[in-house]
Amino acid sequence: LEDKAARAALAVGAGYVIPLSRNVFLTPEASFRFAFTNISSNAYYDSWTVNQFRLGVSLTFGLARYEEEYKEKPTTERTLTVKEPSLRYYDKNMDLHPLAQVKVEEVQYSELHPLIPYVFFPEGKSTPTPSLQVLAAESEAGEFNINNLPSDAEQINTYTLDIVGSRLKSNPGTNLTVTGTINSNELKNNQKYLAKERGDFVRNYLVANYNADPNKITVVAGGLPAKPSSKADPDGDAENCRAEISSTNPEILKPIIVTSERERVADPALIEFYPNIVTDDTILNWELIYFQSGTQLKRFVGSGYPSHISWQIAPNLLKAAQVPIDYQFNVETMSGLKKGVEGSIPVDFISFTRKKSEDLPDRSISKFSLVLFDFDSDVINDKDKQTIDQYVIPAIKANSTVQIYGYTDRIGDEDYNKKLAQRRANNVQKYIAGKVKNVKYETFGIGEGVQIFNNDTPTGRQLSRTVQVYVITPKSK
């Protein structure tokens, strides 16, 4: 064939670039060519045109100077900053103020801790959660001793069975009634047998570990408690999974009282820690630890963004020295970022010796927690009236100031709870004032705004339905 010097065609094709590395590419392609001219100049083939279809693969190498063009764009990096927190305290009117220091004072101090007559169980279970009910007779070496309990209401009420057991040993012949109850979910799922099993657990523990007379312990299989917590709220319904202990002998369930001639009390006793976290990531967990002289005082942990963290400083927790309280707050996010902040709170320690040398006023403080108010109730029950008559009234002197604080748990509307707390405080004030006149009374309805106990547990919520009475009496010089 005599080839033509030039040919004309229209080419249509497509290809796809496959990167093998940052500067090496594999490109498969396909094309079709429409011929416009003859394939040969020979007259014999003058009318012969040929269209073409082609398949091919090319391997392309990029030059080093273009390498940056093919880098993947970096993903947006998450950020986390933990700044200095805001530390605050409440005044008498429960208004928040910036915290400048904590005053630790040596005083004559007594505190009454209520004993909740309930043992709580997880839903669907007939054995208590170990963190909510410590079985000391089985888990701790040596004989259980009530006098060794810490001055902390929540911790005290994790030893309910051992407290009752030791008191039964000191009061032989005492009759006890244990009523097992269930919540609405267990009732709906026909798990009524749990009520009996929960009551049996309490009786069997007392018999096995404290030689209680099984014939003196009556187990009753109930349904919902006679005075249930809110069935419509998960927190409330969880409290209905319990065993209720009752006795005609008041010694069995009487409060735990701690009295000392030399106690260290903090002022303020409640500190609010407001974190300052800036992040575009999700907070996986956080940790707040308070120290003094390298000794851990309190540790809080949680997840999500904490609005604030409340710390109720127990008596005698802080040292008898001018040593600051140090804190460390750490945060970790979902993407693995970790940041923290540290700081300290000045402490002013006022000892009995300092009071005398500086001619500072001295005082005694008696604190009484009146529990239990029933759920959504402001009625003082007969047991609490006996507590007031036996312990509160004798502590009030002519020059005493009686401060009464009403609280609620977190269940329900906050505004409603504040009014309920005020009614509780007012009713206690009226009862005491009916027996002790001509002293100064101050009442405060706090509600759920200040959670003095951990509302994540049934015990903490029960303890929060309370009125706390402070009897503050100046000492004459």
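**Pockets, cores and odd backbone angles**

User: What lines the second largest pocket, and which residues lie nearest its centre?

Analyst: There are 27 residues in the lining, and P117, I245, L253, N381 and K383 are the ones nearest the centre of the pocket. Keep in mind that this is a predicted model. The volume of this pocket comes to about 750 Å³.

User: Which elements each supply at least two residues of that lining?

Analyst: That would be β11 (242-246) and α8. The largest share comes from α8, with six residues. By class, you get 10 nonpolar, nine polar and eight charged residues around the second largest pocket.

User: What makes something a cavity rather than a pocket?

Analyst: The way out. In a cavity a 1.4 Å probe fits but cannot get out, whereas a pocket is an open set of points. Searching the whole structure with a minimum of 30 Å³ turns up three cavities. The largest cavity holds about 60 Å³ of space.

User: Which residues line the largest cavity?

Analyst: Its walls are made by Y118, K227, P228, S229, R242, L372, F373, D374, F375, Q462 and R465. Five of the lining residues are nonpolar, two polar and four charged.

User: How do you know how far to trust the coordinates of the chain, in terms of pLDDT?

Analyst: The average pLDDT over the chain is 87, and 91% of the residues score at least 70. Residues 66-70 are another story: their pLDDT is below 50, and beyond near neighbours in sequence the stretch makes three contacts in the model.

User: What makes a set of residues a nonpolar core?

Analyst: The members have to be buried residues of the nonpolar kinds on the list, joined through side-chain atoms within 4.5 Å. The largest such core has 29 residues, and I163 and L206 touch the most other members. α3 (160-170), β9 (176-180), α5 (193-210) and β11 each give two or more residues to this core. The top contributor is α5, with five residues. Another core lies apart from it, with 28 residues that include L87, W286, L288 and L318.

User: What is L206 in contact with, leaving aside neighbours within four places in sequence?

Analyst: L206 meets L161, V164, G165, L168, L176, N211, A212 and I217. Several of those names come back in the list of buried α3 residues, which is T160, L161, D162, I163, V164, G165, S166, R167 and L168. In short, α3 is mostly covered, with nine of its 11 residues buried.

User: Why is V102 called buried?

Analyst: The cut-off for buried is under 20% relative accessible area. V102 comes out at 0%, so it counts as buried. V102 is in strand β7 (residues 102-113). Outside its neighbours within four places in sequence, V102 is in contact with A266, D267, P268, I271, L318, I325, I345, P346, V347 and D348. Take I325: 223 residues separate it from V102 in sequence, yet the C-alpha atoms are 8.6 Å apart.

User: And why is A30 called partly exposed?

Analyst: Partly exposed sits between the 20% and 50% limits. A30 has 29% relative accessibility, so the label fits. A30 lies in strand β3 (residues 24-35), and beyond four places in sequence it is in contact with V12, G13, A14, F53, R54 and L55. A30 and L360 are 330 residues apart in sequence and 98 Å apart in space, C-alpha to C-alpha.

User: What makes the phi of D376 and the phi of N438 worth pointing out?

Analyst: Most residues other than glycine have a negative phi. D376 has a positive phi, near 60°, and the phi of N438 is positive too, near 65°. D376 sits in the loop between β20 (363-370) and α8 (382-395), while N438 is in the loop between α9 (414-433) and β22 (440-447).

User: Why does D376 count as partly exposed, and why is N438 called exposed?

Analyst: Exposed needs over 50%. D376, at 40%, falls short of that and therefore counts as partly exposed. N438, with a relative accessible area of 77%, is exposed.

User: How do you know that the peptide bond between D267 and P268 is cis?

Analyst: Omega gives it away: the angle is about 5° at the bond joining D267 and P268. Most peptide bonds are trans. P268 itself is in the loop between β12 (256-267) and β13 (270-279).

Definitions and conventions. Residues are numbered from 1 along each chain as its sequence is written. This is a predicted model: local features need pLDDT of at least 70, side-chain atom pairs count only at pLDDT 80 or more; totals for chains, interfaces and linings use all residues. Side-chain values use heavy atoms; hydrogens and water are left out. Helices (H or I, at least four residues) and strands (E, at least two) are DSSP runs, numbered from the N terminus. Buried means under 20% relative accessible area, exposed over 50%, partly exposed in between (1.4 Å probe, protein chains only). On a 1 Å grid over the protein atoms alone, a cavity is a set of points where a 1.4 Å probe fits but cannot get out, and a pocket is an open set with protein on both sides within 12 Å along at least five of seven lines; lining residues have an atom within 4 Å of a point. Grid points are joined across faces, edges and corners, and a volume is the space filled by probe spheres set on the points. Ala, Val, Leu, Ile, Met, Phe, Trp, Tyr, Cys and Pro count as nonpolar, Asp, Glu, Lys and Arg as charged, and the others, Gly among them, as polar. pLDDT is the predictor's confidence in each residue, from 0 to 100. Contact means heavy atoms within 4.5 Å.
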